[in-house]
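Trainee: Before I rely on the labels attached to this model, I should like to examine the reasoning behind some of them.
Mentor: Very well; let us take them in turn.

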Amino acid sequence: MIKIKIGNGDRETDIRFPISESDLYNKLVAIHAIDSTGEQQSVTVTGFYWPEEFSVLENSTRKPIRPEQGF
């Protein structure tokens with residue numbers, strides 16, 4: 001699962017993907033990224049976290065695959 005941290009001013013929240021539209025809306029309201037009229041404000045991505053499943057690749061080196069080699 002991919003997770004990002006977004007911020008608006010001094011407020012931040014984590015968002016995990018996939019996410020439903022209603023959950024995303026609630027997260028944006030919580031950090032005041034959507035005002036009472038429903039208009040969007042600016043939001044900044046302040047962090048990006050890889051899925052835990054990719055942690056086995058951390059600090060490893062892989063040779064690039066050439067197209068003629070296939071997968």
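Trainee: In which strand is the place of Lys3?
Mentor: The model is a predicted one, and in it Lys3 belongs to strand β1.

Trainee: Why does Lys3 count as buried?
Mentor: Buried means a relative accessible area under 20%. Lys3 has 19% relative accessibility, so the residue counts as buried.

Trainee: With which residues is Lys3 in contact, leaving aside its neighbours within four places in sequence?
Mentor: With that exclusion, Lys3 contacts Asp14, Ile15, Arg16, Gly47, Phe48 and Tyr49.

Trainee: How do you know that β1 and β2 pair?
Mentor: Pairing requires at least two bridges between two strands. Strand β1, residues 2-8, is joined to β2 by seven bridges in the antiparallel sense, so the two strands satisfy the criterion. Within this pair, Ile2 is opposite Phe17 of β2.

Trainee: What is the order of the strands in the sheet?
Mentor: The order is β2-β1-β3, in an open sheet of three strands with antiparallel pairing.

Trainee: What makes β2 and β3 edge strands?
Mentor: Strands β2 (11-17) and β3 (44-49) each pair on one side only. On average, neighbouring strands of the sheet are turned by 25° against each other, direction ignored.

Trainee: Which strands does helix α1 touch?
Mentor: Helix α1, residues 21-30, packs on the sheet and touches β1 and β2. The direction of α1 makes about 165° with that of β2.

Trainee: Why is Phe17 called partly exposed?
Mentor: The term covers values between the limits of 20% and 50%. Phe17, in strand β2, has a relative accessible area of 34%, and is therefore partly exposed. Not counting residues up to four places away in sequence, Phe17 touches Met1, Ile2 and Ile4. Phe17 and Lys3 are 14 residues apart in sequence, with their C-alpha atoms 6.2 Å apart.

Trainee: What kind of peptide bond joins Phe17 and Pro18?
Mentor: The bond is cis, with omega about 5°. Pro18 is located in the loop between β2 and α1.

Trainee: What is notable about phi of His32?
Mentor: Phi of His32 is near 60°, a positive value in a residue other than glycine. Most residues other than glycine have a negative phi, and most peptide bonds are trans.

Trainee: Why does His32 count as partly exposed?
Mentor: His32, in the loop between α1 and β3, has 45% relative accessibility. That value lies between 20% and 50%, so His32 counts as partly exposed.

How values were computed: Residues numbered from 1 in each chain as written. Predicted model: local features only at pLDDT ≥ 70, side-chain atom pairs only at ≥ 80, totals over all residues. Heavy atoms only, no water. Helix = DSSP H or I, 4+ residues; strand = E, 2+ residues; numbered from the N terminus. Axes fitted to C-alpha atoms, helices over the stretch in contact; angles between N-to-C directions. Contact = heavy atoms within 4.5 Å. Buried < 20%, exposed > 50% of the residue type's maximum accessible area, 1.4 Å probe, protein only.
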